[in-house]
Amino acid sequence: MGCLLGHKWNGCKCEKCGKIRDEQHMWKGCECSLCGKVRDEQHIWGRRNDYTNNCKCTRCGKSITRQDINKITDQPILGIIAEFADANSSNVCYDALEKLTDQKILADLAIKGSTYMLRMSAAEKLSNQILAQEVFVDVVKNCDAMGLVYNAIKKLTDSSIIADIEKNGKYNSMREWAHDRLLDLKGQQELYAIIKNSKDNDLREKAIMRLTDQNILFEIASSNDSEKYRYEEEVPGWTGRGDDAYIYGWKKLTYDIRDTARERLAELKNK
Ligand SMILES: [Zn+2]
Ligand SMILES: [Zn+2]
Ligand SMILES: [Zn+2]
């Protein structure tokens, strides 16, 4: 049946013959409820099915892009995007997190987020430091991704918790990171005491790299006490030439903590 005398338009659709015109659509979000045409506006972000951890429009199926996020300011929607976008492989999740400031939503993500990556990132934006620290401890104890564990240890502030990881951490690297973190938290005078008194030269070098007090650094740099600040260490390397090959072995090198102090001073002055 044609509409020879003219169509009877209801929005974009003729009520008599079903013809569609590209105007006066009946938009419901991103989709026209009459003809099904999709526009790139007003998507409803969420999870389309349970199989993919990917944030899509629940109506038209579009995968969210960074451009889409630029347009969104609504905090609950940003929360949904951060939750459903794959935190391990997409920038989208972080773009959404970056725009999130709502502490209630961030706390939810930090506690119940689907991946440790997401939980960590949300926790880093929390003003509630007690909750944030709980998440970091959880990551250290239960997460298998060592990069995240490293970041979490770097964020810990409770010395007794860190000391426990230094002692009982699952892996050697974890114990070492905790050891370094404890140094991060030491005061300048404590670091100075380590540099003056410790027999562990590695530890002394680490301590000096954490000094920011220029008076202490200057005191070390200008000291005449070679006994205290010079030390020898055996390192593996090429030690000489044999008949037909270089010889590999241990060689002694001399180090001086005062040199490190001078470098550190120069570095601080350049900042
Ligand atoms: Zn018609
Ligand atoms: Zn339409
Ligand atoms: Zn859509």
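A residue is buried if 20 or more other C-beta atoms lie within 10 Å of its own, exposed if 12 or fewer, and partly exposed in between, with C-beta atoms placed from the backbone. This is a predicted model, in which local features need pLDDT of at least 70 and side-chain atom pairs count only at pLDDT 80 or more, while totals for chains, interfaces and linings use all residues. Residues are numbered from 1 along each chain as its sequence is written, and chains are lettered from A and ligands numbered from 1 in the order in which they are written.

**Exercise 1.** Classify Lys 167 as buried or exposed.

Solution. Locate the residue: Lys 167 belongs to helix α8, residues 159-168 (helices are DSSP runs of H or I with at least four residues, strands runs of E with at least two, numbered from the N terminus). Then count: Lys 167 has 10 C-beta neighbours inside 10 Å, so it is exposed.

**Exercise 2.** Describe the overall form of the protein chain.

Solution. Start with the inventory: the chain has 14 helices and eight strands. Next, its radius of gyration (over C-alpha atoms) is 31 Å, well over the 18 Å of the globule rule (2.2 Å times the number of residues to the power 0.38) for 271 residues, so the chain is more spread out than a compact globule. Its C-alpha atoms fill a box of roughly 105 × 55 × 40 Å along the principal axes. Finally, 24% of the 271 residues are buried.

**Exercise 3.** Determine the pairing and burial of strand β8.

Solution. Strand β7 (residues 230-241) is joined to β8 by 11 bridges, and the two run antiparallel; pairing requires at least two DSSP bridges. Glu 232 has Thr 254 in β8 as its bridge partner. For burial, zero of the 11 residues of β8 (residues 246-256) are buried, so the strand lies largely in the open.
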